[in-house]
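Me: I have a structure to go through and some basic questions about it. Can we start with how exposure is defined?

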Amino acid sequence: MSILKNAIDSIAIGLEDYQSPDERRIVSSTRNIFAGILLLFKHKLCELSPPDSDEALIKQRVLPEIDVTGAVRWIGKGNKTVDVQNIKERFDSLGISIDWKRVDNINKYRNDIEHYFSSRNTQSVQQLISDSFLIIRDFISEHLSEDPKQLLGDDAWGVLIKVNEVYEKEKTTCVEALETLSYFNDEILNAFESYSCAKCGSGLITPSERNVEAIEVEYTCKSCGKALPYEDIVKPVISDYFGSEVYLAHTQGGELPITDCPECDGIYLYNEGICSSCGHVAEHECQRCSSTIQPEELYTEPFCGYCAHVMSKDD
Ligand SMILES: [Zn+2]
Ligand SMILES: [Zn+2]
Ligand SMILES: [Zn+2]
């Protein structure tokens with residue numbers, strides 16, 4: 001019970017910090033809430049640890065021992081407990097799925113706030129709490145099989161719900177504004193909607209105008225105020241959006257969803273057949289041999305890599 005109680009206490013204290021009029025408590029708010037989430041995860045690992053293994057699953061060091069029957073048992077050693085990376089690996093291996101992208105975002109935000117407190121404000125913590133709410137709620141109901149409202153208590157639950165609602169409302173306003181713009185392709189809009197500010201991690205990105213071309217306006221983060229023109233923000237927006245697909249293509253094979261644009265230094269959406277920066281539509285069929293030009297050889301369009309190579313020899 002003790003780890004679970006610590007987790008719930010830590011989250012409750014974090015939420016009290018958040019509600020305090022003393023702005024300096026924002027840092028401890030984010031720290032406590034994140035610590036509470038990790039403790040929830042550790043509680044699960046504790047529950048799953050075999051009896052008499054000295055809580056093997058939450059220890060960084062786990063060593064084999066031979067028991068009286070001659071069987072090998074894995075025993076937790078030392079005081080060091082698992083860190084975020086260890087938890088990820090163990091949950092993965094145990095088949096416990098978590099929205100790690102969201103957890104990483106909370107962690108990054110918490111870390112940033114500790115280092116750059118002055119550039120943050122109470123409002124910008126709303127997203128951290130809103131993200132935390134979703135993680136906490138889902139983890140408690142799906143993996144601890146408890147009622148989150150009952151476990152957290154009415155006060156903490158009420159704050160989480162309220163902050164989440166406020167954040168969602170603002171997020172909806174941002175998304176509605178983004179949707180009034182015209183993009184080279186719908187995937188670009190989807191990428192903008194799921195983007196979080198590179199400076200502060202907030203998902204509240206809003207365009208400076210409505211009902212115009214997306215490439216004509218500036219995009220401002222409502223939390224930290226960072227503003228970027230389309231040409232600068234579109235690259236991180238697209239590479240973040242396709243990040244995991246690109247990673248999979250590199251590690252497990254398969255087609256790259258994006259590649260360098262042959263016309264500009266932007267990112268070309270291969271499946272959509274258009275550049276996200278300049279709108280260039282490349283030739284995907286080789287003009288010499290009619291084979292498909294692959295993403296990684298698109299820079300030689302309108303020819304495939306092979307034909308471009310052969311033709312360069314003919315010169
Ligand atoms: Zn920002
Ligand atoms: Zn381009
Ligand atoms: Zn060819």
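Reply: Buried means under 20% relative accessible area, exposed means over 50%, and partly exposed is in between, with a 1.4 Å probe and protein chains only. This is a predicted model, where local features need pLDDT of at least 70, side-chain atom pairs count only at pLDDT 80 or more, and totals for chains, interfaces and linings use all residues. Residues are numbered from 1 along each chain as its sequence is written, chains are lettered from A and ligands numbered from 1 in the order in which they are written, and side-chain values use heavy atoms, without hydrogens and water.

Me: OK. Is S145 buried or exposed?

Reply: S145 is exposed, because its relative accessible area is 65%. Its phi is positive, about 50 degrees, although S145 is not a glycine.

Me: What is usual for phi and for peptide bonds?

Reply: Most residues other than glycine have a negative phi, and most peptide bonds are trans.

Me: And where is S145?

Reply: S145 sits in the loop between α5 and α6 (148-152). Helices (H or I, at least four residues) and strands (E, at least two) are DSSP runs, numbered from the N terminus.

Me: What about N211, what is its phi?

Reply: The phi of N211 is near 55 degrees, which is positive, and N211 is not a glycine. N211 is in the loop between β3 (205-207) and β4 (218-221). N211 counts as exposed because its relative accessibility is 60%.

Me: Which peptide bond is cis?

Reply: The bond from E301 to P302 is cis, with omega near 10 degrees. P302 belongs to the loop between β8 (274-275) and α11 (305-314).

Me: New topic, pockets. What volume does the largest pocket have?

Reply: The largest pocket has a volume of about 660 Å³. Of its 24 lining residues, K101, N105, S194, Y195 and S196 are the closest to its centre. A pocket is an open set of points on a 1 Å grid over the protein atoms alone, with protein on both sides within 12 Å along at least five of seven lines, and lining residues have an atom within 4 Å of a point. Grid points are joined across faces, edges and corners, and the volume is the space filled by probe spheres set on the points.

Me: Which helix gives the most to that lining?

Reply: α4 does, with 5 residues of the lining of the largest pocket.

Terms used:
On a 1 Å grid over the protein atoms alone, a cavity is a set of points where a 1.4 Å probe fits but cannot get out, and a pocket is an open set with protein on both sides within 12 Å along at least five of seven lines; lining residues have an atom within 4 Å of a point.
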